[in-house]
Amino acid sequence: MKKKSITLIIGITIILLSFLTYIFILGKLFPYSPIIIGFTKYESPNTIIYIQKGNTSANYNWVDSLIPSVEKFHELKFNSKPKIFFFRDKKTYSHRSLSKARFCAFTNGNIVVSPWAQKEAEEGKISMEIYLKHELSHSIILQNKGILAGLKYPKWLLEGIATYSVNQMGTSFYPGKEETYTLIKQGNFMPPYYFHTKKEAQIKLNVKYIPPFMYSEFACIVDYLIETRGRDKFLVYMKSLLKEDNHNKVFKEVYGIDFDEFILNFKKFVENNNG
Ligand SMILES: [Zn+2]
């Protein structure tokens with residue numbers, strides 16, 4: 001009986017270890033894996049770049065120089081060098097990433113870059129520098145928030161900060177500030193707290209590219225906060241949310257106004273804007 005239970009425990013452990021090995025090294029949790037297979041590693045002072053074997057077009061040694069400006073904007077430091085993975089093919093990317101997006105930043109600060117994003121950058125459709133700095137904004141906030149707690153940072157604010165911090169409005173698919181104001185005046189508005197929830201489907205947006213419009217809208221909210229109440233206060237708000245999860249409480253403490261009321265004020269401001 002005793003021997004039987006030991007055999008059972010060993011059996012379960014082997015299955016569990018095989019599963020974990022698979023899911024981290026070859027599966028969806030690859031960006032969290034301590035062991036990286038199939039990529040060439042290039043370690044620089046601020047980043048670790050991994051290029052998938054066979055990805056011949058990738059030359060990304062310039063990426064390391066983006067870090068100081070990301071740290072400066074957020075007035076934060078990376079806790080560890082972010083790892084950036086440049087994938088070669090769609091199949092591996094879909095197997096080893098939780099994301100179907102062009103780029104994705106994970107809560108440990110690591111970033112994956114799809115093969116089609118690299119192609120679009122080569123063709124001049126997107127700027128690799130702007131997109132990577134956008135992801136590095138997520139990366140520095142998520143690293144400072146914590147690997148599990150990172151999931152609780154307000155998603156609309158992450159996107160608003162990233163889009164604002166790299167002046168992404170008006171580039172590629174992202175409407176510029178005035179264009180975003182016009183689209184809002186036409187009745188398009190995603191309530192920030194609906195973003196990435198089931199409620200998002202309740203809102204109809206009559207815009208050309210929906211996610212870029214939402215990101216520009218959130219960047220306009222960040223811009224409005226900074227323009228009307230200052231950058232220092234904004235940094236206090238952004239950083240308080242690294243320690244505290246209750247967004248509306250933090251907002252009220254920092255700005256002395258309910259978030260819902262502030263959003264109504266922002267919409268009124270946009271309505272009256274004739275720029
Ligand atoms: Zn983003």
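Strand β2, residues 48-52, sits well inside this predicted model. Burial takes in 5 of its 5 residues, so the strand is largely enclosed by the rest of the structure. Neither face is left open: Ile-48, Tyr-50 and Gln-52 are buried on one side, and Ile-49 and Ile-51 are buried on the other.

Part of the setting of β2 comes from its strand partners. With β1 (residues 39-43), β2 pairs in the antiparallel sense, and 5 bridges hold the pairing. The two make a hairpin, with 4 residues between them. Glu-43 has Ile-48 as its bridge partner in β2. Ile-48 also stands opposite Lys-83 in β3. That second pairing, between β2 and β3 (residues 83-86), is parallel and counts 4 bridges. Getting from β2 to β3 involves helix α2 (residues 67-74), and the three elements together make a β-α-β unit that is left-handed.

Next comes the nonpolar interior. In general, nonpolar side chains in soluble globular proteins tend to be buried together. Here the largest nonpolar core has 70 residues, and Phe-86, Phe-234 and Tyr-237 have the most contacts inside it. Helix α8 (residues 210-229) gives the most to this core, putting in 11 residues. As for Phe-86, once neighbours within four places in sequence are set aside, its contacts include Ile-49, Tyr-50, Ile-51 and Gln-52. Phe-39 is in contact with Phe-86 too, as are Asn-55, Tyr-60, Val-63, Val-113, Gln-118, Met-128 and Leu-132. Apart from the largest core lies another one, of 11 residues, with Phe-39, Ile-48, Phe-87 and Cys-104 among them. Ile-48 thus turns up in several roles: it is buried on one side of β2, it partners Glu-43, and it belongs to this other core.

Cys-104 comes up again at the largest pocket, whose volume is about 950 Å³. The pocket has a lining of 33 residues, and Phe-103, Cys-104, Glu-159, His-196 and Tyr-215 are the ones nearest its centre. Several elements share the lining, with β4 (103-105), α5 (128-145), α6 (155-165) and α8 each supplying at least two residues. Helix α5 gives the most, with 5 residues. Helix α8, then, contributes both to the pocket lining and to the largest core.

Two residues in the loop between α6 and α7 (177-185) stand out for their backbone. Asn-167 is found in this loop and has a phi near 50°, a positive value in a residue other than glycine. Its relative accessible area is 62%, so Asn-167 is exposed, the cut-off being over 50%. Ser-172 is found in the same loop, between α6 and α7, and its phi is near 40°, again positive in a residue other than glycine. With 41% relative accessibility, Ser-172 counts as partly exposed.

Zooming out, the protein chain has 11 helices and 5 strands. Its C-alpha atoms fill a box of roughly 75 × 50 × 35 Å along the principal axes. Of the 275 residues in the chain, 50% are buried. Among contacts with a separation of 6 or more, 66% come from residues 24 or more positions apart.

Terms used: Residues numbered from 1 in each chain as written. Predicted model: local features only at pLDDT ≥ 70, side-chain atom pairs only at ≥ 80, totals over all residues. Heavy atoms only, no water. Buried < 20%, exposed > 50% of the residue type's maximum accessible area, 1.4 Å probe, protein only. Pairing = 2+ DSSP bridges. Right-handed = clockwise from strand over helix to strand, strands pointing away. Core = buried A, V, L, I, M, F, W, Y, C linked by side-chain atoms within 4.5 Å. Contact = heavy atoms within 4.5 Å. 1 Å grid on protein atoms, 1.4 Å probe; cavity = no way out; pocket = protein on both sides within 12 Å on 5 of 7 lines; lining within 4 Å. Points joined across faces, edges and corners; volume = space filled by probe spheres on them.
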